[in-house]
Amino acid sequence: MINTNFNSILELIQTFSSEQVCIEYLEQMRWGGIVESPFDSASKVYKCSKNRYKCRNTGKYFNVKTGSMFENTKISLQKWFLAIWLLTSGKKGISSVQLAKDIGVTQKTAWFLSHRIRECFGIENNNELAGDVECDETFIGGKNRNRHRHKKVEYSKSRDFPDKVPVVGMLQRGGKMNAYVVNDTKKASIQPFIYQYVISENTRLISDEWCGYKGLGTSYFHLVVDHSKKEYVNSEDKSIHTNTIEGCWKILKNSVSGIYNFVSKKHLQKYVNEFIYKFNLRYISSNE
């Protein structure tokens, strides 16, 4: 088994020195020495040339990339592995332009690689939460006052967001976070996520005064900080606030505006998943 206890890009490149090494590593990671057909798990498998296999029951050929994020790719696994390292280890993300330069591909290819990798980040965005859980929503999009006159959007105030995309989040203090792109911040859009992922009735659910959170007190111990009255920390109990999740929104927005410059609503959830993945695994080393 290849030793993957490396801590730099140089060590990664030295470890995966050839395409064959990458293929053998991926086979070990996927099958653990016993090759299984992606078409029929009970079928006998024959080893063929050029790292291919044949499923006896279906007669189909396959390789280690079949049925994975690498399927049908013409890009070398060396470049895939390097792209995965750069996307997962970069705390604030990496643009497709920069990724293209780093791994020697076109910007369009780098964008394609990035989004395939971001599809996998969603595995960290479905955590069960309990204890002290902060709930909040944010809006992703540029500030109207910073736009040129001909680009300004009418009625772009407060929660009227024709030019912004709302995202709702839930964060367990000292634990993990979930966040999802929603159509609006109404009760019907926000609360189903809360009921799905905040599991304990003894949870202290902390939010602001927004009406979308009304009614949660029947299922949770719901605490409110009233931002409309300039209250950001409860004067009697300093643990009642949403400052933790609001700090997370700041990091997400900095990535969008500073690294990616523009993110469409169609793909925003993938970028949110990337942020959540990095936040939830913030204590895990890069090589892990």
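Reader: What makes the three strands an open sheet with the order 1-2-3?

Author: In this predicted model, the three strands have antiparallel pairing in the order 1-2-3. The sheet is open, with strand 1 (45-47) and strand 3 (61-62) as its edge strands, each of which pairs on one side only.

Reader: How do you know that strand 2 and strand 3 pair?

Author: Pairing requires at least two bridges between two strands. Two bridges join strand 2 (residues 53-55) to strand 3, so the criterion is met. The two strands run antiparallel, and lysine 54 has tyrosine 61 of strand 3 as its bridge partner.

Reader: How is the packing of helix 5 and helix 8 described?

Author: Two packed helices are described by the angle between their axes and by the distance between the axes. For helix 5 (residues 107-121) and helix 8 (residues 265-280), the angle is about 60° and the axes are 8 Å apart. Their crossing is left-handed.

Reader: Which residues make the contact between helix 5 and helix 8?

Author: Helix 5 contributes Trp111, His115, Arg118, Glu119 and Phe121. Helix 8 contributes His267, Lys270, Tyr271, Asn273, Glu274 and Tyr277. By class, four of these residues are nonpolar, three polar and four charged. Tyrosine counts as nonpolar, so Tyr271 and Tyr277 of this contact belong to that class.

Reader: Why are Ser189 and Tyr197 of helix 6 called buried?

Author: The term applies because the relative accessible area is under 20%. Ser189, Ile190, Gln191, Ile194 and Tyr197 are the buried residues of helix 6 (residues 187-197).

Reader: Which strands do the buried residues of helix 6 pack against?

Author: They pack against strand 4 (132-140), strand 5 (165-172), strand 6 (177-181) and strand 7 (204-208).

How values were computed. Residues are numbered from 1 along each chain as its sequence is written. This is a predicted model: local features need pLDDT of at least 70, side-chain atom pairs count only at pLDDT 80 or more; totals for chains, interfaces and linings use all residues. Side-chain values use heavy atoms; hydrogens and water are left out. Axes are lines fitted to C-alpha atoms, for helices over the stretch in contact, and angles run from 0 to 180 degrees between N-to-C directions. Helices (H or I, at least four residues) and strands (E, at least two) are DSSP runs, numbered from the N terminus. A crossing is left-handed if the near helix is turned anticlockwise from the far one by less than a right angle, and right-handed if clockwise. Contact means heavy atoms within 4.5 Å. Buried means under 20% relative accessible area, exposed over 50%, partly exposed in between (1.4 Å probe, protein chains only).
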